[in-house]
Amino acid sequence: MAFQLVNDASLLNIVQNLAQMVGYSTPADPAGGSDPAVTQMVQAVNVAGNDMLAMNDWQELSKIHSISIVADSPGQTEKGFALPEDFFEFTDQTQWNTSNQWPAIGPISPQMWQMLLVRSTIPTMSFYWQIRDSKIYILAPPSTAQTLTFFYQSLAWVRDADDATLYKNRATKNGDTILVDPYLMTLLARVKWLEMKGLDSAAAMRDFLVTFENRKGAEKGAPVLTMARDMRFPYLNPIQNTPDTNIGF
């Protein structure tokens with residue numbers, strides 16, 4: 001069995017595809033050219049990339065990070081720790097104290113945090129946390145180091161063309177690789193470019209939204225929900241859990 005799969009994931013590919021979709025001459029050097037319309041296409045790709053960050057938890061941008069939590073001195077009531085340089089947002093409910101195998105509790109509201117601070121006894125069974133000043137603050141950090149681990153979404157949606165270890169949040173070279181779904185990126189960049197030119201983008205936005213809804217859940221899978229009372233076969237039983245009448249009563 002043979003395949004011929006095209007991966008139009010570079011800035012060059014996406015801008016060329018965008019140009020062809022809107023009936024514009026295919027540019028040979030989008031990143032280095034001087035054509036204002038093509039320059040706008042490159043900008044449209046970058047605007048689309050930053051917008052895509054907030055639209056979904058992309059598996060391509062999902063990372064895991066660990067922080068060693070330890071107090072500067074005994075009895076310290078709170079301490080801020082730096083988040084990853086490329087941090088965009090948490091994957092919710094993935095924060096764990098792996099040292100004592102307890103989930104970290106948070107984010108704690110400012111009101112609750114203040115209440116915990118002024119209490120005579122501060123809870124220390126697990127990490128209590130909140131975000132301030134672009135840091136993660138831990139209530140009553142331990143005097144012996146414990147590890148906080150969590151998943152997060154990276155804002156670095158571009159891999160550099162010349163250095164495969166360099167990740168960026170802006171595409172500046174023709175060979176830069178767009179990590180998020182390149183077809184979705186092309187469709188959204190088309191919307192942005194049409195808007196920049198003052199043209200009607202309604203149909204282009206419809207195409208993007210339909211494709212986005214179809215693709216966003218397919219890239220990383222989802223659990224299958226069961227109507228069965230337990231996991232024994234058969235999962236669906238017409239007598240016990242799928243009768244002909246009185247469903248929902």
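**Entry 1: the sheet around S9**

I started at arginine 159, which stands opposite tyrosine 167 in S10. This is a predicted model, so I read every position below as predicted. Arginine 159 lies in strand S9, residues 158-159. I found S9 and S10 paired in the antiparallel sense over two bridges. I then looked up the whole sheet. It is open, has three strands and runs in the order S10-S9-S11. The pairing is antiparallel. Strand S10 (167-168) and strand S11 (177-178) are the edge strands, and each pairs on one side only.

**Entry 2: the sheet around S7**

Next I traced the open sheet with the order S2-S7-S6. Three strands form it, with antiparallel pairing. Strand S2 (78-82) and strand S6 (129-132) stand at the edges. Each has a single partner strand, so one side of each is left without a neighbour in the sheet. I noted the twist too: neighbouring strands are turned by 30° against each other on average, direction ignored.

I checked the register of S2 against strand S7 (residues 135-139). The two pair in the antiparallel sense over five bridges. Alanine 82 stands opposite lysine 135 in S7.

What lies across S2, S6 and S7? I found helix H3, residues 110-118. H3 runs at about 40° to S7.

**Entry 3: H1 against H2**

I moved on to the helix pairs. Helix H1 (residues 11-21) and helix H2 (residues 36-53) pack at an angle of about 115°. Their axes are 10 Å apart. H1 passes H2 in a right-handed crossing. From H1, I listed Leu11, Ile14, Val15, Leu18 and Ala19 in the contact. H2 brings Val38, Met41, Val42 and Val45. Sorted by class, this contact has nine nonpolar residues, no polar and no charged ones.

**Entry 4: H2 against H4**

I then followed H2 to helix H4, residues 182-196. Their axes come within 8 Å and cross at roughly 120°. That angle makes H2 oblique to H4. H2 passes H4 in a right-handed crossing.

I went through the contact list. The H2 residues include Gln40, Met41, Gln43, Val45, Gly49 and Asp51. H4 contributes Leu184, Met185, Leu188, Ala189, Lys192, Trp193 and Met196. How many residues of each class does the contact of H2 with H4 have? I logged 13 nonpolar, three polar and two charged residues.

One cross-check closed the page. Met41 and Val45 of H2 appear in the contact with H1. Met41 and Val45 are also among the H2 residues in the contact with H4.

Terms used. Residues are numbered from 1 along each chain as its sequence is written. This is a predicted model: local features need pLDDT of at least 70, side-chain atom pairs count only at pLDDT 80 or more; totals for chains, interfaces and linings use all residues. Side-chain values use heavy atoms; hydrogens and water are left out. Two strands pair if DSSP finds at least two bridges between them. Helices (H or I, at least four residues) and strands (E, at least two) are DSSP runs, numbered from the N terminus. Axes are lines fitted to C-alpha atoms, for helices over the stretch in contact, and angles run from 0 to 180 degrees between N-to-C directions. Contact means heavy atoms within 4.5 Å. A crossing is left-handed if the near helix is turned anticlockwise from the far one by less than a right angle, and right-handed if clockwise. Ala, Val, Leu, Ile, Met, Phe, Trp, Tyr, Cys and Pro count as nonpolar, Asp, Glu, Lys and Arg as charged, and the others, Gly among them, as polar. Angles under 35 degrees count as roughly parallel, over 145 as roughly antiparallel, 65 to 115 as roughly perpendicular and the rest as oblique.
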